[in-house]
Amino acid sequence: VLGAALGAAPLAIPIKAVLEKLEIRGVLKVKLTDISNEPPFLGHLSITFKEQPVIDFGLRVLGGVDVTKFPGLSSSFDSLIDNIMQAVMVLPNVLAFDLRAKEPPAEPLPL
């Protein structure tokens with residue numbers, strides 16, 4: 001279940017939705033580095049798509065309506081997801097993880 005707000009504070013309306021049938025198709029490049037014989041065996045993991053992946057999903061607002069089936073909303077959601085993917089993990093952008101880090105990164109992922 002995903003949570004979001006429609007509108008701006010203080011008048012925002014909370015919305016809960018369920019992401020259904022997420023499918024991502026594309027060429028994914030995975031890079032494993034700093035391999036060792038001791039746990040966690042890998043130091044770093046980086047992943048990126050070589051080109052914009054095709055993403056299909058359903059987003060059902062609690063109550064049963066799939067909002068991705070509405071013509072205006074469907075293209076808006078597609079553009080939003082494409083822009084996020086492009087900014088985070090389509091070449092030249094790379095999503096990288098330090099697998100030996102003791103704490104989560106201080107900075108959240110850019111969206």
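Let me begin at Phe 97, which touches Gly 43, His 44, Leu 45 and Ile 47 once residues up to four places away in sequence are set aside, where contact means heavy atoms within 4.5 Å. Before I go on, please keep in mind that this is a predicted model, in which local features need pLDDT of at least 70 and side-chain atom pairs count only at pLDDT 80 or more, while totals for chains, interfaces and linings use all residues. Residues are numbered from 1 along each chain as its sequence is written, and side-chain values use heavy atoms, with hydrogens and water left out.

Back to Phe 97, then, which lies in strand β7; helices here are DSSP runs of H or I with at least four residues, strands are runs of E with at least two, and both are numbered from the N terminus. Phe 97 and His 44 are 53 residues apart in sequence, yet their C-alpha atoms are 5.7 Å apart in space. At 36% relative accessibility, Phe 97 counts as partly exposed, the convention being that buried means under 20% relative accessible area, exposed means over 50%, and partly exposed lies in between, with a 1.4 Å probe and protein chains only.

Now the overall layout. The protein has one helix and seven strands, and from the N terminus on the elements run β-β-β-β-β-β-α-β. Of its 111 residues, 17% are buried, and among contacts between residues at least 6 apart in sequence, 55% join residues at least 24 apart.

Strand β7 belongs to an open sheet of three strands, in the order β3-β4-β7 with antiparallel pairing, where two strands pair if DSSP finds at least two bridges between them. The edge strands are β3, residues 28–33, and β7, residues 95–98, each of which pairs on one side only. Neighbouring strands of this sheet are turned by 10° against each other on average, direction ignored, with axes taken as lines fitted to C-alpha atoms, for helices over the stretch in contact, and angles running from 0 to 180 degrees between N-to-C directions. Helix α1, residues 71–89, packs on this sheet and touches β3, β4 and β7, its direction making about 135° with that of β4. Between β3 and β4 there are six bridges, and Leu 28 has Phe 49 as its bridge partner in β4.

Within strand β4, I would like to look at two residues. How buried or exposed is Thr 48? Thr 48, in strand β4, residues 44–49, counts as buried because its relative accessibility is 4%. A polar atom of the Thr 48 side chain lies 3.3 Å from the backbone nitrogen of Leu 91, and beyond four places in sequence Thr 48 is in contact with residues including Val 27, Leu 28, Met 89 and Val 94. Ser 46, also found in β4, is buried with a relative accessible area of 16%, and its contacts outside the local stretch are Lys 29, Val 30, Lys 31, Val 94, Leu 95 and Ala 96.

Turning to the other strands, seven bridges join β2, residues 13–25, to β5 in an antiparallel run, with Val 18 partnered by Arg 60. Two bridges join β5 to β6, residues 65–66, again antiparallel, and there Arg 60 stands opposite Asp 66. In the hairpin of β5 and β6, which has three residues between the strands, Gly 63 takes a positive phi near 130°.

What makes up the largest nonpolar core? Its 12 residues are Ala 17, Ile 47, Phe 49, Ile 55, Phe 57, Leu 59, Val 67, Met 85, Val 88, Met 89, Val 90 and Leu 95, a core being a set of buried Ala, Val, Leu, Ile, Met, Phe, Trp, Tyr and Cys residues joined through side-chain atoms within 4.5 Å. The elements giving two or more residues to this core are β4, β5 (54–61) and α1.

Finally, some backbone geometry to check. Most residues other than glycine have a negative phi, and most peptide bonds are trans. Here, cis peptide bonds join Pro 39 to Pro 40 and Leu 91 to Pro 92, each with omega about 10°. Pro 40 is in the loop between β3 and β4, as is Phe 41, whose phi is positive, near 70°, whereas Pro 92 lies in the loop between α1 and β7. Lys 21, in strand β2, has a positive phi near 50° and is exposed, with a relative accessible area of 76%.

Notes: A polar contact is a pair of N or O atoms within 3.5 Å; within protein, one must be able to donate a hydrogen and the other to accept it, and residues adjacent in sequence count only if both atoms are side-chain atoms.
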